[in-house]
Amino acid sequence: MYLFGGSGHCKVIIDVIKNNNNSYEITSIIDENPILDKIFGINIVREIKFNDDDVLFIAIGNNKIRKKISSKYSNLNYPVLIHSNAIIGINVSIAHGTVIMAGAIVNPDTRIGKQCIVNTSAVIEHDNVIEDFVHISPNAALAGNVNVGEGTQIGIGACVIQGVKIGKWCTIGAGSVVLKDVPDYAVVVGNPGKIIKYNQEHE
Ligand SMILES: CC(C)(COP(=O)(O)OP(=O)(O)OC[C@H]1O[C@@H](n2cnc3c(N)ncnc32)[C@H](O)[C@@H]1OP(=O)(O)O)[C@@H](O)C(=O)NCCC(=O)NCCS
């Protein structure tokens, strides 16, 4: 397996893989930063010529960049990574390229799209729909029947009450409390959460 991106997020991805009895052998990490050399003894290379049957995991926290890289290498195989200390409920579906980190809980009948990050100790309650390229940051909590649109980041420690629909490419600030629906591209902060601006549309 190859990892794309050599940041701190990559260290946590390696930790998830090692935690699962080294479920994949990591051949190398691809990162264009010339000052990076190794992470945990794994070589970092600047670029690689992939074969169609190669397995890749994109270890990049930024949702737009993750989407761009996955489009560029759409022919490769992307596994789902789940830490053994995550709890996954009945009838949960998780699409390829998504990672569920330590302590996270995903409750029944929730659907999680491709290339998402469910970060450390995040809680996603029952009947949620999480679209592709979403990042649920550490300790964020989504109550039941929440929808999160493509590319949105729910910030660290944020809470979303039941039944709320959050649009695509939104940012929910750290510690915010979201009580009502959020339109596409909105940046919401505070308790109660209020829109302070809009992200630029994703091309
Ligand atoms: C919401 C966020 C994206 C805004 O960042 P930004 O665009 O750089 O905005 P600024 O820092 O200029 O803040 C704009 C205003 O919102 C306020 N604000 C920013 N984040 C806030 C938050 N989380 N809660 C409450 N207020 C916040 C600022 O105090 C500032 O208020 P002011 O205009 O009265 O001074 C960022 O603060 C944030 O919370 N990011 C989430 C980070 C995260 O969860 N990381 C986890 C990684 S795993």
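Here are four worked exercises on the predicted model above.

Before starting, note that residues are numbered from 1 along each chain as its sequence is written. Because this is a predicted model, local features need pLDDT of at least 70 and side-chain atom pairs count only at pLDDT 80 or more, while totals for chains, interfaces and linings use all residues; side-chain values use heavy atoms, with hydrogens and water left out.

**Exercise 1. Follow the pairing and the side chains of β4 (42-45).**

Step 1: let's fix the terms. Strands are DSSP runs of E with at least two residues, helices are runs of H or I with at least four, and both are numbered from the N terminus. Two strands pair if DSSP finds at least two bridges between them.

Step 2: find the partners. Strand β2 (residues 28-30) pairs with β4 in the parallel sense over two bridges, and Ile30 stands opposite Val45. Strand β3 (residues 38-39) pairs with β4 in the antiparallel sense, also over two bridges; here Ile39 has Ile42 as its bridge partner.

Step 3: look at the turn. β3 and β4 form a hairpin with two residues between them, and Phe40 in the turn has a positive phi of about 45°.

Step 4: check the faces. Ile42 and Ile44 point to one face and are buried, whereas Asn43 and Val45 point to the other and are not. Buried means under 20% relative accessible area, exposed over 50%, and partly exposed in between (1.4 Å probe, protein chains only).

**Exercise 2. Work out the strand order of the open sheet with five strands.**

Step 1: read across the sheet. The order is β8-β11-β14-β17-β20, with parallel pairing.

Step 2: name the edges. β8 (93-94) and β20 (165-166) each pair on one side only.

Step 3: zoom in on one pair. β14 (residues 129-130) and β17 (residues 147-148) are joined over two bridges, and Ile130 has Val148 as its bridge partner.

**Exercise 3. Describe the aromatic cluster formed by Tyr2, Phe4, Phe50 and Tyr73.**

Step 1: set the criteria. Rings of Phe, Tyr and Trp (its six-membered ring) pair if their centres lie within 6.5 Å; planes under 30 degrees apart count as stacked, over 60 as edge-to-face and the rest as tilted. The structure holds three aromatic pairs, and we take two of them here.

Step 2: classify Tyr2 and Phe50. Their ring centres are 5.5 Å apart and their planes are at 80°, so this pair is edge-to-face. Tyr2 sits in strand β1 (residues 2-4) and Phe50 in the loop between β4 and β5 (56-58), 48 residues apart. Both residues are buried.

Step 3: classify Phe4 and Tyr73. With centres 5.9 Å apart and planes at 40°, the pair is tilted. Phe4 lies in β1 and Tyr73 in the loop between α2 (63-72) and β6 (81-82), so the pair ties together parts that are 69 residues apart in sequence. Phe4 is buried at 14% relative accessible area, and Tyr73 counts as buried at 16%.

**Exercise 4. Locate the residues that come nearest to the ligand, and their polar contacts.**

Step 1: list the neighbours. Of the 14 residues around the ligand (a heavy atom within 4 Å), Gly155, Ile156, Gly173, Ala174 and Lys197 come nearest.

Step 2: go through the polar contacts, which are pairs of N or O atoms within 3.5 Å. A ligand oxygen is 2.7 Å from a polar backbone atom of Ile156, and a ligand nitrogen is 2.8 Å from a polar backbone atom of Ala174. For Lys197, an N or O atom in the side chain is 2.5 Å from an oxygen atom of the ligand.

Notes: Polar contact = N/O pair within 3.5 Å; in protein donor to acceptor, adjacent residues only side chain to side chain.
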